[in-house]
Amino acid sequence: YRTLPSVQEILVVFSDERRVEVQRRTSDGWRVEDLIGKAQISLSCCNASIPLDAVYRDLLPDTAAEPT
């Protein structure tokens with residue numbers, strides 16, 4: 001996808017951990033940002049922000065919960 005000029009942002013969503021890699025095209029090439037925990041995914045391509053909580057809702061157990 002990086003070779004397509006129209007692609008400005010790529011999201012890699014990990015299924016085994018609470019982590020999203022955001023790849024953004026810049027004038028100097030590609031910049032990679034790792035998001036974990038309670039981060040927000042900011043997408044400039046559509047002027048939107050998505051919390052990681054929403055991405056992983058119902059997919060991974062809540063790692064912040066205390067064991068009983």
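**Sheet, core and salt bridges of the predicted model**

S2 and S3 form a hairpin with two residues between them. The model is a predicted one, in which local features require pLDDT of at least 70 and side-chain atom pairs count only at pLDDT 80 or more, whereas totals for chains, interfaces and linings use all residues. Residues are numbered from 1 along each chain as its sequence is written, and side-chain values rest on heavy atoms, with hydrogens and water left out.

Strands (E, at least two residues) and helices (H or I, at least four) are DSSP runs numbered from the N terminus. Two strands are taken as paired if DSSP finds at least two bridges between them. Strand S2 covers residues 19–26 and strand S3 residues 29–36, and the two pair in the antiparallel sense over eight bridges. Among the bridge partners, Thr26 is matched with Gly29 of S3, and Arg19 with Ile36 of S3.

The hairpin belongs to an open sheet of three strands in the order S1-S2-S3, with antiparallel pairing. S1 and S3 each have a single partner strand and stand at the edges, so one side of each is left without a neighbour in the sheet. On average, neighbouring strands of this sheet are turned by 20 degrees against each other, direction ignored (axes are lines fitted to C-alpha atoms, for helices over the stretch in contact; angles run from 0 to 180 degrees between N-to-C directions).

The largest nonpolar core has eight residues, namely Val20, Val22, Leu35, Ala39, Ile41, Leu43, Leu52 and Tyr56. S2, S4 and H1 each supply at least two residues of this core. Such a core is a set of buried Ala, Val, Leu, Ile, Met, Phe, Trp, Tyr and Cys residues joined through side-chain atoms within 4.5 Å. Buried denotes under 20% relative accessible area, exposed over 50%, and partly exposed the range in between (1.4 Å probe, protein chains only). In soluble globular proteins, nonpolar side chains tend to be buried together. With neighbours within four places in sequence set aside, Val22 is in contact (heavy atoms within 4.5 Å) with Ile10, Leu11, Arg31, Val32, Glu33, Leu35 and Ile41.

A search of the whole structure finds six salt bridges, defined by a side-chain nitrogen of Lys or Arg within 4 Å of a carboxyl oxygen of Asp or Glu. In one of them, the closest N and O atoms of Asp53 and Arg18 are 2.1 Å apart. This pair links distant parts of the chain, 35 residues apart: Asp53 lies in helix H1 (residues 52–56) and Arg18 in the loop between strand S1 (9–13) and S2. Asp53 is partly exposed at 34% relative accessibility, and Arg18 is partly exposed at 24%.

Asp53 also forms a salt bridge with Lys38, the closest N and O atoms being 3.5 Å apart. Here the partners are 15 residues apart, with Lys38 in the loop between S3 and strand S4 (40–43) and Asp53 in helix H1. Lys38 is exposed, with a relative accessible area of 62%. Salt bridges that share partners also join Glu9, Arg24 and Glu33 into one network.

Within the hairpin, the side chains of Arg19 and Asp34 meet in a salt bridge of 3.2 Å, N to O. Arg19 in strand S2 and Asp34 in strand S3 are 15 residues apart. Asp34 is partly exposed, with a relative accessible area of 44%.
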